[in-house]
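Here are some short exercises to work through with the model on screen. Try each task before you read its solution.

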Amino acid sequence: MKIASYNVNGINGRIDILLQWLEESQPDVVCLQELKAPDQKFPIKAIEAAGYGAVWHGQKSWNGVAILARGEEPLLTRKGLPGDPDDVQSRYIEALVDGILIGNVYLPNGNPSPGPKFDYKLAWLSRLQDYAAELIELDVPVVIAGDYNIIPTELDVYKPERWADDALFRAEVRDAFRKLLAQGWTDAIRRLHADERIYTFWDYIRNAYGRNAGLRLDHFLLSPGLADDLSRAEVDTHVRGWAHTSDHAPVWIELLDDLKKGAE
DNA sequence: ATGTCAAACTGAGTTTGA
């Protein structure tokens, strides 16, 4: 099963890019972030025409997350991260697809830090830690994919010293990511590519993509039972080079399914 | 600060967030 994550940075402005990439990549499941569209403007017709069912959690102007499944309807299990009923930002959606629970996160950026936006990011991370601890106890395989807006280590940024005080790289945020891993989650990209420079985001400005001045912000966390099923973890870097593209590239993993494992 | 996007509010140009 091929599971992808893609921060599209505007689902309607980017629909042609999304469809082109879907056609080329043929993922089974897709987690989308930054829809930047209210629920009623989610382009479900175009996505269905491409062969995907979808569930989505939109919001006017900002944020917004969706889960797509090829040839089927994802079974929605949750909209919104638990832990704060007053949080109105659409940053979490979850669905069951082929027996795998898919959590899709779009973490707050958190800049400028310090400040209320950074406080919100830390609070969101705290809630994510609590909820991830619950998920890992479930008797089902779980993937938490998405745009974490976290640079986990110095290997994940082209010039660490320039980012020391940024909300994407602050010690508190990296520590929160480490604590998630300490719960038993596996960072899929790093499991298969321990020492490689791998980026998933390049800023639009300063020719960041041309200079490969990137960041690794989009991650897949695998529950313990899934870690050994991981066969590939890649970034579709070339998509970032397309015209009118998102500032993120799609990232994907391949999990061996039980049928394949049984046949081996 | 620079620089680049998309969406919203409006009526093409600015504001906002990233």
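**Exercise 1: around the DNA**

Task: find which residues are around DNA strand B.

Solution: look for residues with a heavy atom within 4 Å of the strand. You should get Asn9, Gly13, Arg14, Lys36, Lys60, Ser61, Trp62, Asn109, Lys117, Tyr204, Ile205 and Arg206. Next, check the strand's side: sugar and phosphate make up 66% of the DNA strand B atoms that come within 4 Å of the protein.

This is a predicted model, where local features need pLDDT of at least 70, side-chain atom pairs count only at pLDDT 80 or more, and totals for chains, interfaces and linings use all residues. Residues are numbered from 1 along each chain as its sequence is written, chains are lettered from A and ligands numbered from 1 in the order written, and side-chain values use heavy atoms, leaving out hydrogens and water.

**Exercise 2: polar contacts**

Task: work out which part of DNA strand B Arg206 reaches.

Solution: search for polar contacts (pairs of N or O atoms within 3.5 Å). A polar side-chain atom of Arg206 sits 2.3 Å from a base nitrogen. Now try Lys117: its polar side-chain atom is 3.3 Å from a phosphate oxygen. For Gly13, a backbone N or O atom lies 3.3 Å from a phosphate oxygen.

**Exercise 3: the second largest pocket**

Task: list which residues line the second largest pocket.

Solution: take residues with an atom within 4 Å of a pocket point. Among them are Tyr158, Trp163, Phe201, Ile205 and Arg206. Sorted by class, the lining has eight nonpolar, no polar and four charged residues.

Notes. A polar contact is a pair of N or O atoms within 3.5 Å; within protein, one must be able to donate a hydrogen and the other to accept it, and residues adjacent in sequence count only if both atoms are side-chain atoms. On a 1 Å grid over the protein atoms alone, a cavity is a set of points where a 1.4 Å probe fits but cannot get out, and a pocket is an open set with protein on both sides within 12 Å along at least five of seven lines; lining residues have an atom within 4 Å of a point. Ala, Val, Leu, Ile, Met, Phe, Trp, Tyr, Cys and Pro count as nonpolar, Asp, Glu, Lys and Arg as charged, and the others, Gly among them, as polar.
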